[in-house]
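I open this notebook to record what I looked up about the ligands and the pockets of one model. The entries follow the order in which I consulted the structure.

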Amino acid sequence: MAATSFKLNSGYDIPSVGLGTWQGEATAVKAAVAHALKSGYKLVDGAYCYGNEEAVGAGIKEALDSGIKREDIFVVTKIWATYNTRVAEGLDKSLKSLGLDYVDLLLIHWPLLLNPEGNDDKFPKKPDGSRDVIHGWDHLEAWKQMEAVVKSGKVRSIGVCNYSKSYLQKIIDNATILPAVNQIERHPWLPQSDITELAKSKGIHIMAYSPLGSTGSPVAEAEPVVKLAEKYKVTPQTILISWQVASGHTVLPKSVTPSRITANREIVNLSAEDTKSLDDYSADIVAKKEWKRFVYPPFGINFGFPDKQ
Ligand SMILES: NC(=O)C1=CN([C@@H]2O[C@H](COP(=O)(O)OP(=O)(O)OC[C@H]3O[C@@H](n4cnc5c(N)ncnc54)[C@H](OP(=O)(O)O)[C@@H]3O)[C@@H](O)[C@H]2O)C=CC1
Ligand SMILES: O=C[C@H](O)[C@@H](O)[C@@H](O)[C@H](O)C(=O)O
């Protein structure tokens with residue numbers, strides 16, 4: 001039986017599958033969140049910078065009003081890069097938008113600082129149009145503020161996103177509270193095994209984002225994925241999602257299409273042999289440097305990802 005949840009190092013359980021909400025237009029994402037939670041999803045993944053947290057909150061409210069209990073759902077939000085020196089303030093903005101008094105998991109979205117006094121609350125730009133990055137900022141500062149907000153009772157677990165091996169090691173070496181999670185792009189064309197192995201060795205849970213390859217689910221066309229879909233009589237997307245759960249990761253497929261949202265929760269029990277066949281395909285992609293990273297914003301910073309050196 002495929003895992004329905006995993007235990008975090010914070011002591012809380014995290015569901016194995018959650019609904020992604022990035023790039024979801026307000027009306028569609030409200031309906032998607034309500035449909036997902038009413039159809040059995042237990043986790044919703046959002047972020048301040050997605051600009052749709054009021055709609056996510058409205059979808060959550062619709063589900064709670066239908067009788068679902070707050071303690072039975074797991075809500076994730078992320079501190080955006082303009083708030084990495086104002087974590088408590090960023091958290092309060094998201095809680096207000098979501099209409100909640102706590103979130104289950106708060107994440108640092110990217111380990112850099114965008115100018116908090118810049119010309120835009122989310123995406124400040126320099127006169128030349130490039131992103132207004134404050135260079136020389138130490139991401140440990142944000143982590144210390146994350147550790148502080150846990151005491152507020154507004155957050156149950158804290159973690160990071162997009163931390164490469166070197167960035168994660170720096171947190172591991174200096175943290176009072178270890179991250180519960182590292183949320184990273186992960187699919188067969190970008191397994192990020194170096195980061196995954198370090199995280200697992202320290203009890204840090206991996207959440208796989210863009211598991212389908214983001215918009216248009218391009219990774220669903222990978223031949224080994226298509227073959228396994230035929231074998232298990234499911235869609236390639238179901239194979240991609242099930243592979244993550246079989247690997248011990250929480251997976252965050254995004255959809256605003258009700259039928260797809262329902263389908264994305266159907267996890268198949270991949271055999272050890274079939275899981276390994278995808279692992280081997282993925283390792284071969286890396287060996288041939290044919291990796292594909294679909295989410296890499298133009299921050300102009302080297303985060304230490306092997307595929308970006
Ligand atoms: N921490 C971070 O920096 C990041 C976090 N994330 C999180 O991960 C989530 C998922 O990643 P995301 O990049 O959105 O994309 P996904 O990899 O989840 O792919 C989403 C795309 O696949 C389509 N799709 C979804 N299910 C199916 C299906 N069953 N059959 C066919 N097509 C399907 C969707 O279409 P449609 O919606 O039209 O149905 C959409 O175009 C995000 O929404 C966000 O919550 C993502 C990126 C970065
Ligand atoms: O969470 C999804 C991604 O990280 C997204 O937040 C970024 O890609 C952002 O749109 C940006 O352009 O910097």
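**Entry 1: Surroundings of ligand 2**

I began with ligand 2 and listed the residues around it: Trp 22, Cys 49, Tyr 50, Trp 80, His 109, Trp 110, Phe 123, Arg 131, Val 295, Pro 297 and Phe 299. I note at the outset that the model is predicted. Sorted by class, this shell around ligand 2 holds nine nonpolar residues, one polar residue and one charged residue.

I then looked up polar contacts made by side chains. For Tyr 50, I found an N or O atom of the side chain 2.6 Å from an oxygen atom of ligand 2. For His 109, a polar side-chain atom is 2.8 Å from an oxygen atom of ligand 2. Arg 131 also places a polar side-chain atom 2.8 Å from an oxygen atom of ligand 2. I next looked up the cover of the ligand: 340 Å² is exposed by ligand 2 taken alone, and the protein buries 85% of that area.

**Entry 2: Surroundings of ligand 1**

I turned to ligand 1, which has 29 residues around it. Asp 45, Ser 210, Ser 214, Ser 255 and Thr 257 come nearest to ligand 1. By class, I recorded 10 nonpolar, 15 polar and four charged residues in the shell around ligand 1.

The side-chain contacts were looked up in the same manner. In Asn 162, an N or O atom of the side chain is 3.0 Å from an oxygen atom of ligand 1. With Gln 183, the partner is a nitrogen atom of ligand 1, which lies 3.0 Å from a polar side-chain atom of that residue. Ser 210 has a polar side-chain atom 2.7 Å from an oxygen atom of ligand 1. On its own, ligand 1 has 910 Å² of accessible area, and the protein covers 91% of it.

**Entry 3: The largest pocket**

Which space does ligand 1 take? I found that ligand 1 takes the space of the largest pocket. The space taken by ligand 2 is likewise recorded as the largest pocket.

I looked up the volume of the largest pocket and noted about 870 Å³. The lining consists of 39 residues, of which Trp 22, Gln 23, Ser 214, Thr 215 and Lys 254 are the closest to the centre of the pocket. Helices α8 (236-246) and α9 (258-263) are the elements that give two or more residues to this lining. By class, I counted 17 nonpolar, 17 polar and five charged residues in the lining of the largest pocket.

Two of these central residues recur from the earlier entries: Trp 22 is among the residues around ligand 2, and Ser 214 is one of those that come nearest to ligand 1.

**Entry 4: The second largest pocket**

I closed with the second largest pocket, for which I noted a volume of about 480 Å³. Its lining has 24 residues, and those closest to its centre are Thr 4, Ser 5, Pro 15, Ser 16 and Lys 42. Which strand gives the most to this lining? I found that strand β2 (residues 13-15) does, with three residues. By class, the lining of the second largest pocket divides into 12 nonpolar, five polar and seven charged residues.

Note on methods: Residues are numbered from 1 along each chain as its sequence is written. Chains are lettered from A and ligands numbered from 1 in the order in which they are written. This is a predicted model: local features need pLDDT of at least 70, side-chain atom pairs count only at pLDDT 80 or more; totals for chains, interfaces and linings use all residues. Side-chain values use heavy atoms; hydrogens and water are left out. A residue is near a molecule or strand if one of its heavy atoms lies within 4 Å of it. A polar contact is a pair of N or O atoms within 3.5 Å; within protein, one must be able to donate a hydrogen and the other to accept it, and residues adjacent in sequence count only if both atoms are side-chain atoms. Accessible areas come from the Shrake-Rupley method with a 1.4 Å probe; for residues, only the protein chains shown count as cover. On a 1 Å grid over the protein atoms alone, a cavity is a set of points where a 1.4 Å probe fits but cannot get out, and a pocket is an open set with protein on both sides within 12 Å along at least five of seven lines; lining residues have an atom within 4 Å of a point. A molecule sits in a cavity or pocket if more than half of its atoms lie within 2 Å of its grid points. Ala, Val, Leu, Ile, Met, Phe, Trp, Tyr, Cys and Pro count as nonpolar, Asp, Glu, Lys and Arg as charged, and the others, Gly among them, as polar. Grid points are joined across faces, edges and corners, and a volume is the space filled by probe spheres set on the points. Helices (H or I, at least four residues) and strands (E, at least two) are DSSP runs, numbered from the N terminus.
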